[in-house]
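Student: Could you take me on a close look at the packed interior of this model? I'd like one connected walk through it, please.

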Amino acid sequence: MIASIAYLGLLDDEEIELDIAALELSALDHPGIDLGPYHDQLDLLEAELRDEGADAETSEEQAGALARLLAGRYGFAGDHASYDAPLNADMIRVLDRRRGLPVSLSILYVALARRLGWIAEALNTPSHVLVRIGPLDSPILIDPFHDGLPVGDETLDKLLRRSLGPDARIEPEHVAPLPNRLVLVRLLLNQATRAEQAGDAARAIAIYERIVEVAPSHAQGWWDLARLQLSDGRGEEARGSLSAMLEITRDADARATILEALEALSGR
């Protein structure tokens with residue numbers, strides 16, 4: 001079934017439609033499911049947002065329209081009660097339950113905003129994805145996990161320091177927009193991490209296979225896939241993953257590490 005998402009790895013980043021891609025990734029865990037009703041649900045949300053945000057021109061007005069529709073009218077919100085449940089990173093179940101993780105809810109907000117031609121980005125905020133709405137000269141940050149509420153400078157600083165440490169230096173990368181491909185990687189990593197924590201190596205390997213299918217240039221994905229394959233006794237597959245990683249890696253130190261690992265595997 002993984003072949004159904006292979007096209008995502010071939011698209012230019014800006015061609016990826018986050019909501020549709022997230023649904024197709026989700027469908028891998030729901031064999032035989034008809035995605036038609038979910039596409040219809042997204043189309044309905046788009047139509048209602050067009051009505052709700054018909055006069056929305058400023059960043060604040062657009063963010064408000066999104067929050068009123070998704071959090072207010074439809075009740076999409078963060079799952080505080082069962083945050084670590086894998087279904088919170090499963091877009092089909094997110095649409096069913098109207099509950100999710102920061103990253104899955106951010107995908108919904110960003111994708112719907114873009115359907116109307118609004119500027120919207122998921123941000124690389126550690127541990128808790130936020131969304132930026134509007135042009136760079138007058139954007140607003142919102143938190144889809146908390147009902148799409150605006151995030152001010154003080155709240156943002158607290159969130160970052162809670163993740164990075166109280167004395168951490170806040171870097172521009174911590175609030176930089178995530179490319180579409182890495183938004184999907186971050187969504188999948190939630191599932192992979194939970195599978196590893198549960199000791200389900202087969203599930204974790206399957207998720208990392210999806211990660212490198214969607215993002216074939218994501219070196220860390222190949223490394224983690226090789227690590228899991230090796231620990232699961234799949235030495236030949238691990239060698240293949242490391243070789244794929246070597247093809248996309250240009251950093252001399254990283255290449256040396258990969259070659260060392262390949263040599264160690266050859267000696268087994």
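**A look at the nonpolar core**

Tutor: Happily! The largest nonpolar core holds 77 residues, and those with the most contacts inside it are Leu-45, Leu-66 and Ile-133. Such a core is a set of buried Ala, Val, Leu, Ile, Met, Phe, Trp, Tyr and Cys residues joined through side-chain atoms within 4.5 Å; buried means under 20% relative accessible area, exposed over 50%, partly exposed in between (1.4 Å probe, protein chains only). Helix 5 (residues 102-115) gives the largest share of this core, 8 residues. Helices (H or I, at least four residues) and strands (E, at least two) are DSSP runs, numbered from the N terminus.

Please keep in mind that this is a predicted model: local features need pLDDT of at least 70, side-chain atom pairs count only at pLDDT 80 or more, and totals for chains, interfaces and linings use all residues. Residues are numbered from 1 along each chain as its sequence is written, and side-chain values use heavy atoms, with hydrogens and water left out.

Now for Leu-45: not counting residues up to four places away in sequence, Leu-45 touches Leu-69, Leu-70, Tyr-74, Phe-76, Leu-108 and Leu-112 (contact means heavy atoms within 4.5 Å). Apart from the largest core lies another, of 7 residues, including Leu-141, Val-151, Leu-159 and Leu-160.

Helix 1 (residues 18-27) is mostly covered, with 10 of its 10 residues buried. Among these buried residues are Leu-18, Asp-19, Ile-20 and Glu-24. Their cover includes helix 2 (36-52), helix 4, helix 5, helix 7 (180-197) and helix 8 (201-214).
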